[in-house]
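User: I should like to understand how the descriptive terms applied to this model are justified. Please set each value against its criterion.

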Amino acid sequence: CLVLFNYTRLGREIKLLGGNINTFHQSGLSEPRVKILAFVVAAFGVALAAFVVLMRARTAGSAPGGSMGTDVMVALVLGPCIGGAALISQIADVTIMAEKVGQLMVFGPQVMAAMNGLQVNAEEVGGAKVAASMGACALVAADEEEALLKARQVLDLLPASNLEDSDIVDTDDMSRLLPEIDANDTDALLTALFDGGNKLELYAEYEPSVRVVLGRMGGRTVGVVAACGKLKAGALTKAARFVRFMDCFGIPVVSLLNTAGVEVESIQQQGWLFKAQAQLLYSYAEATTAKVTVVVGDAIGQAYVAMGGKANADVTYAWPGAVISALTPEAAVAVLYRNEVKADTDLSVEAARSKYAAQYIDDVAGALCAAKAGMVDDVIQPANTRAMIISALEMLASKRDSNPPKKHGNLPM
């Protein structure tokens, strides 16, 4: 992934070098604040490199570290991107790959054959669809032209740097009511919330239990994190990186919660889950941008603590049917109502469990109970969700918050 600052000059030299990056090109990575193409105001990477020149490997280690978090970086993978070049594509805020031509690999097929005796083709190892399924690229385009159009969409929603605000484009009624929507229909909910129903989902093919989406609400760019299922470690890290991305450029984060918590697939994976949960919690806690959370369904356990807890959200709303609890109602019955279930001989065991699960929601975990306990700011009608979010974002538009002076936090990696 090579960041091209003079597209004509460097593009010609890349062709002459057979797609390799040399020392001269690497030196250009330290100055990302140059306009590229007609529509690019932020730093813009175009991946055409096959591999770093081996004879200059010692000097090819420099990377665009100084611009991370200050200038928006978009990487276009339009050719083989292998080894060190592939690493640079992962540093970018958004990586876009073109099908059939774009490839992301740690090692190319020839190297893999020499090292491990594996006979594979480049598309199987690092094609666009494979990379998207692994979370290595945010967007997949059908060809190079569509990749450039997707880059335009991304940059249109983002500010040029962390010192600027994204454009406000007022195209929809701020007080528009939502139609009746099932809390489990995340796609319909997202479409109804965004201005004109226009949205740009990143990493759609990777860990779909969390969806991260860019769009506008009330004319302002917002990033939405929608938790819509049991969360695995990959989904948690996906959300964590997106939150940090939004916070880098002062873009508000709107969280939609409808999750029964994390999924432990095996005992051996607990360590990864611990780290992933900690990363999500850390990302929300460290973010100083505006944060609004709406609990549209279940908010169970660590998901609520990280994404909707009062310590990690400026404003938290809940729909009337929301359930906010450390345990699922079924698990709570097994722990808290075990004796009552046994004593209720008039009902079958399953019927008794259902009875006390409903009682637990009414007495402890329901939305009104959460509001009384101060866990949410208000219980809102689903139809008013968009208007309430926009109102909260307007209130938080002047938010100025900062973390204590320090070199950086110790993100649990």
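**Reasoning from values to terms**

Analyst: In this predicted model, Val225 touches Val210, Arg211, Val212, Ala239, Phe242, Val243, Val253, Val254, Ser255, Leu256, Tyr284 and Met307, residues up to four places away in sequence not being counted. Val225 is also, with Val94 and Leu202, among the residues with the most contacts inside the largest nonpolar core, which has 57 residues. Helix α9 (residues 233–248) gives the most to this core, namely nine residues. Another core, of 28 residues, lies apart from it and includes Met217, Ala226, Val294 and Ile390.

User: What makes a set of residues a nonpolar core?

Analyst: Membership requires buried residues of the types Ala, Val, Leu, Ile, Met, Phe, Trp, Tyr and Cys, joined through side-chain atoms within 4.5 Å. Val94, Leu202 and Val225 belong to the largest such set.

User: Why is strand β11 called largely enclosed?

Analyst: The cut-off for burial is a relative accessible area under 20%. Eight of the eight residues of β11 (residues 210–217) are buried, and the strand is therefore described as largely enclosed by the rest of the structure. The burial concerns both faces: Val210, Val212, Leu214 and Arg216 lie on one side, and Arg211, Val213, Gly215 and Met217 on the other. In a regular strand, side chains alternate between the two faces of the sheet.

User: How do you know that β11 is paired with strands β10 and β12, and in which sense?

Analyst: Pairing requires at least two bridges between the strands. Strand β10 (residues 199–202) is joined to β11 by four bridges in the antiparallel sense, with Leu200 opposite Leu214. Between β11 and β12 (residues 220–227) there are eight bridges, again antiparallel, and Arg216 stands opposite Thr221. Both counts satisfy the criterion, so both are pairings.

User: What joins β11 and β12 in their hairpin?

Analyst: Two residues lie between the strands, and Gly218 in the turn has a positive phi of about 65 degrees.

User: How do you know that strand β7 is enclosed, and which strands pair with it?

Analyst: Five of the five residues of β7 (residues 94–98) are buried, so the strand is largely enclosed by the rest of the structure. Val94, Ile96 and Ala98 point one way, while Thr95 and Met97 point the other way. Four bridges connect β7 to β5 (residues 73–77) in a parallel arrangement, where Val74 has Val94 as its bridge partner. Three bridges link β7 to β9 (residues 139–141), also in the parallel sense, and Ala98 stands opposite Ala141.

User: Why is Ser133 called partly exposed, whereas Ser283 is called buried?

Analyst: The term "buried" applies under 20% relative accessible area, "exposed" over 50%, and "partly exposed" in between. Ser133 has a value of 42% and is therefore partly exposed. Ser283, at 1%, counts as buried because its value is under the 20% cut-off.

User: What contacts do these two serines make?

Analyst: Ser133 lies in helix α6 (residues 128–133). Leaving aside neighbours within four places in sequence, Ser133 is in contact with Glu205 and Tyr206. Ser133 and Tyr206 are 73 residues apart in sequence, yet their C-alpha atoms are 5.0 Å apart in space. Ser283 lies in helix α10 and, with the same kind of neighbours left aside, is in contact with Ala240, Val243 and Arg244.

User: What makes the side-chain approaches of Ser133 and Ser283 to backbone oxygens polar contacts?

Analyst: The limit for the N or O pair is 3.5 Å. The side chain of Ser133 reaches the backbone oxygen of Val130 at 2.7 Å, and that of Ser283 reaches the backbone oxygen of Ala240 at 3.4 Å. Both distances are within the limit, so both qualify on distance.

User: Which residues and elements line the largest pocket?

Analyst: The largest pocket has a volume of about 950 Å³. Of its 28 lining residues, the closest to the centre are Arg241, Arg244, Phe245, Cys248 and Leu411. The elements giving two or more residues to the lining are α9 and α10 (270–286). Helix α9 contributes the largest share, eight residues.

User: How many helices and strands does the chain contain, and what share of its residues is buried?

Analyst: The chain comes to 16 helices and 17 strands. Of its 413 residues, 50% count as buried.

Definitions and conventions. Residues are numbered from 1 along each chain as its sequence is written. This is a predicted model: local features need pLDDT of at least 70, side-chain atom pairs count only at pLDDT 80 or more; totals for chains, interfaces and linings use all residues. Side-chain values use heavy atoms; hydrogens and water are left out. Buried means under 20% relative accessible area, exposed over 50%, partly exposed in between (1.4 Å probe, protein chains only). Contact means heavy atoms within 4.5 Å. A polar contact is a pair of N or O atoms within 3.5 Å; within protein, one must be able to donate a hydrogen and the other to accept it, and residues adjacent in sequence count only if both atoms are side-chain atoms. On a 1 Å grid over the protein atoms alone, a cavity is a set of points where a 1.4 Å probe fits but cannot get out, and a pocket is an open set with protein on both sides within 12 Å along at least five of seven lines; lining residues have an atom within 4 Å of a point. Grid points are joined across faces, edges and corners, and a volume is the space filled by probe spheres set on the points.
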